[in-house]
Amino acid sequence: MVDAVSFRTRARTIDHLGREQIADCPTAVSELWKNAYDAYATTIGLHIYDGKLPIVTLVDDGHGMSRDEFVEKWLVIGTESKATGKSTDEEDRNGLMVRPKQGQKGIGRLSSAFLGPLLLVVSKRKHDLFTAALIDWRLFENPFLYLQDIEVPVVEFEKKEEIFGFLPSMFESLRGNLFGDGKDRARDVRIIDAWNAFDKLEASEGKNSTRSAMEEVAGNTTFELSHFEQWPLWQDEKKHGTILLIADIVFDLEAQIESRVAPEDMDAAAQAKERLFQTLSNFTDPYSDEENRIEGFTAEAFNYSVTAWSGGLRRSVISNQREFDVKNLEELEHVVEGTVDEFGVFTGRVKAFGRWLDGDVVISPKSEISIRSNSKVGCFHLRLGTFQQMPGSSSHPPEIHRKLVEQSSKYGGVMVYRNGLRVMPYGREDSDFFEIEKRRSLHAGRHFWSNRRTFGRVALTREGNPNLKDKAGREGLIDNKAVKVFRDLVENILMKTAYNYFGTDSDLQKKFLPGIQESRAKEKAEEQRNKARASRRKRFRGALKKNLPILKLHCEELDELIVKVRNATLSTEQEVLSLRDQLLILKDRSKEFSLGEAPKNLGLIEQEYEGYRYNQRRSAEMVSSLDQSLTSALSILKPKAPRDIAYSDLNSHASFLQVRLRRWHKEARDLLDAEQQRIAELYEESSKRYHALTLPLLDDVENDRVALSDVLERLAVERDKVDFENSEVFEPYISAMRSLQENIDLETLATYGMDAVDEMREELDRLHSLAQLGITVEIIGHEVEGLELSISEGLENLPQEVKNLKAYSEVKIAHEMLADRLRFLSPLKLSGSNLKVSISGQEIMQYVLKFFGIGLQEKEVRVEATDKFNNFSVYEQPARIFPVFINLINNAIYWVGQRSMGDPQVLIDVVDGKVVIGDSGAGVDSEDQKHLFSLFFTRKIRGGRGVGLYLCRANLSAGGHTIQYAVEDKFKILPGANFVMDFKGAVYA
């Protein structure tokens with residue numbers, strides 16, 4: 001007898017199809033964005049909210065869902081609507097053109113489970129009621145639950161605010177999936193048994209109870225009004241749309257809120273931020289032009305964003321505003337763009353070394369490609385661009401090249417787009433679909449293209465390439481025959497363009513880069529400088545890392561010794577000498593903490609180095625204080641044998657010197673031994689090279705394969721070649737050894753040379769940047785007032801219903817604040833009137849207080865001036881005076897806010913005929929004082945550009961005045977930073 005039975009589905013099937021299929025957080029977000037695209041949304045926003053339990057919302061203005069659609073489609077896995085290719089009704093398209101469906105399997109909605117377990121869905125169609133549902137995806141992790149026993153609470157309501165009234169009952173209904181709800185006794189028994197079994201299983205595996213975690217989240221989750229406010233429907237901007245509210249979010253999303261990242265998780269958070277940005281920053285194709293749009297390669301009218309909220313403070317994480325797009329790509333020095341037809345033939349144009357080549361370039365496939373319907377590759381478009389890796393070989397100016405290097409780390413990568421939406425994960429640093437880096441590792445010059453240094457994409461359409469299908473987990477394309485052919489076609493284009501136009505084997509490189517040979521010496525010198533710089537930086541970082549905890553411990557021991565001395569009577573010679581012996585040990589150890597000159601750019605270790613320098617200064621101060629105290633105490637006691645005490649110190653110091661000398665001697669000897677071994681090996685290798693290259697020629701001449709004259713010429717050529725290579729190795733080495741023999745400090749020379757070159761380059765770049773900034777300001781400055789007036793008139797002419805909106809009031813307030821700032825800045829225009837007037841200290845003070853306004857009260861900083869300053873006056877252009885005081889006081893307010901030595905205060909005074917501005921902050925480190933007035937030097941963590949003090953000095957110098965950082969005690973009117981200005985011709989009444 002044959003029984004007919006059907007499948008029974010466990011709840012865990014949903015978890016397998018959804019969360020477990022998604023590779024990572026950015027991919028999950030992209031899937032939900034694609035769902036919004038399929039729903040004809042024009043705006044999709046991901047908002048991350050801080051709070052006791054962080055919450056994420058995904059808001060869109062798509063056509064939304066009715067209750068029936070939610071139950072019959074959203075809650076049905078693998079719906080037929082996308083599989084059948086049925087087009088969306090015209091009314092639901094909201095005036096948009098037909099969009100190709102991005103989803104294929106009807107499971108994209110399950111991606112929300114990856115972002116967080118608790119989901120509240122609220123949706124509305126244009127002419128239907130609101131629909132809401134509450135789901136905890138952890139229900140589907142229980143392997144003992146049957147899918148039919150899980151019930152999702154769904155409600156329907158008329159007004160949006162009613163959702164808050166339904167939430168308590170929805171949560172209660174959701175709990176029925178944990179303990180039953182009393183409506184169906186058999187179901188209740190199955191549910192309770194399933195959870196009891198799952199609790200036991202998790203306990204046996206050492207895991208926490210999922211049921212308990214669900215109860216806790218359900219009890220602590222609060223969906224608030226603020227979570228809905230970014231939904232266009234909630235703001236009455238649209239009458240349709242969907243919002244997903246997700247609680248208990250994954251770390252990758254929580255990492256976008258800086259205040260929630262623990263110190264030990266900083267590195268992981270940085271990786272999460274970078275991965276989210278790399279994946280979603282170019283979600284829609286930025287490299288398509290108008291022709292591509294007409295051909296259907298782009299996603300039109302689709303704006304996306306990611307925003308992090310800390311209270312009312314918002315921070316844009318990602319937006320679809322392009323920092324690098326098709327225009328930037330076509331400005332690159334190497335570009336390949338064109339179309340590949342159904343026969344695999346590329347036709348397009350090529351730009352090499354900054355020059356577009358004449359005529360079309362045609363590249364045929366390596367072999368004939370299949371045209372069978374189930375493996376055929378259709379037409380696709382390709383647009384890629386790159387640049388020379390070495391600045392000296394690039395047709396781009398140095399500043400553009402540097403910017404491209406920075407942008408390539410953020411936006412580089414060969415991506416794949418289908419109908420304008422990105423196919424994940426191609427283009428990410430860890431996903432080299434076209435194996436660019438693999439080929440490059442064989443011969444970087446010949447293969448040329450670099451995945452991270454390449455900008456661009458390959459654009460497909462679903463209808464043109466139906467055989468290129470996504471994997472179930474949306475992590476790339478299914479590896480079928482069509483995908484293999486597609487990849488081969490792109491790789492063939494990359495290889496042939498590299499060989500023919502860009503790489504080391506191309507005639508164009510020989511033609512357009514004739515100056516490379518001349519610059520070789522310069523490049524080599526630069527390489528050696530970089531090598532020395534890297535070595536120096538590595539040694540410095542290593543020494544800093546090694547000494548940090550030791551120096552901290554050293555300071556603690558000094559603190560303990562200070563306490564001992566403070567509590568000691570110091571009445572006996574033995575007691576003082578015992579304490580002094582302890583001090584001498586610590587004093588000798590202090591010498592071990594010197595790190596030498598710090599590299600210019602410390603990067604991530606700058607904060608650690610600041611702390612290290614602080615401990616060094618503190619250590620030196622404590623040693624000095626202890627030394628003075630104990631020496632003074634010893635003198636007062638008049639020891640009986642002063643010669644013995646001095647002799648003991650002499651022996652201690654000599655022992656200290658001997659220990660250090662022995663260590664240096666051993667290190668130098670070890671290095672010399674290693675170098676002798678290396679030189680011996682180089683000698684042996686070099687001795688054999690010429691014979692290895694030339695001995696085969698003897699057989700050739702003996703067997704008449706090569707003429708004698710040619711062999712003799714080759715022998716001479718190879719001799720000169722090998723001699724040149726040997727001289728390149730040994731002559732610089734011998735020169736360095738001679739310098740050492742003559743006591744010439746090569747380290748100091750190299751360091752000074754590198755620092756000098758770096759400083760000159762940086763200064764040149766700074767001056768170029770500042771000049772460009774000045775030109776820009778001069779061009780747009782005169783337009784700002786006219787634009788401000790136009791905005792003001794435009795706001796006044798808006799309809800009254802617009803003026804009643806919250807958004808209008810926010811814009812109005814922001815505009816008034818901006819206009820107020822512009823009026824304040826009018827005296828600072830350098831291109832304005834250059835008439836001199838008498839400016840008093842009282843006028844300067846009034847201007848300063850009005851400029852900063854209520855901001856001073858909010859920061860709780862007092863800015864005051866003495867009567868001496870109020871009575872001061874100088875005959876000068878206002879544009880030279882006001883910016884100086886604004887800059888100095890703005891800096892002072894910032895640093896007082898960071899750390900104040902007492903009452904937060906900024907004071908302006910006159911000392912010895914000079915104006916002094918002081919603050920109660922922490923002051924300027926002695927090593928930073930020499931850089932204070934350098935352009936772009938700043939220690940501000942955020943908001944600083946390092947231009948202010950440079951311009952202060954420049955402004956004052958133009959009038960013959962001076963400014964300097966106070967080093968004499970008489971000018972230190974407050975314990976923090978003090979700046980002294982000497983005004984030429986000033987009157988101090």
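The pLDDT is the predictor's confidence in each residue, on a scale from 0 to 100. In this predicted model, the protein chain has a mean pLDDT of 81, and 84% of its residues reach 70 or more. Among the elements of the chain, the highest mean pLDDT, 95, belongs to strand 13 (residues 380-386), whereas the lowest, 48, is found for helix 4 (residues 80-83). The pLDDT also lies below 50 over residues 778-783, a stretch with 1 contact in the model beyond near neighbours in sequence. Residues 824-832 likewise have a pLDDT below 50, but 18 contacts beyond near neighbours in sequence are present for this stretch. Where pLDDT is low, the predicted coordinates should not be read in detail.

An open sheet of mixed pairing is formed by 8 strands, arranged in the order 5-4-3-6-2-1-7-8. Its edges are occupied by strand 5 (154-157) and strand 8 (313-319); each has a single partner strand, so one side of each is left without a neighbour in the sheet. On average, neighbouring strands are turned by 15 degrees against each other, direction ignored. At the strand 8 edge, pairing with strand 7 (residues 303-310) is antiparallel and extends over 6 bridges. Within this region, Ser319 in strand 8 is the residue opposite Ser305.

Helix packing on the sheet involves strand 3 (118-124), strand 4 (130-136) and strand 5, which are touched by helix 3 (residues 67-74); the direction of helix 3 makes about 35 degrees with that of strand 4. Helix 6 (residues 163-179) also packs on the sheet, touching strand 3, strand 4 and strand 5, and its direction makes about 35 degrees with that of strand 4.

Note on methods. Residues are numbered from 1 along each chain as its sequence is written. This is a predicted model: local features need pLDDT of at least 70, side-chain atom pairs count only at pLDDT 80 or more; totals for chains, interfaces and linings use all residues. Side-chain values use heavy atoms; hydrogens and water are left out. Helices (H or I, at least four residues) and strands (E, at least two) are DSSP runs, numbered from the N terminus. Contact means heavy atoms within 4.5 Å. Two strands pair if DSSP finds at least two bridges between them. Axes are lines fitted to C-alpha atoms, for helices over the stretch in contact, and angles run from 0 to 180 degrees between N-to-C directions.
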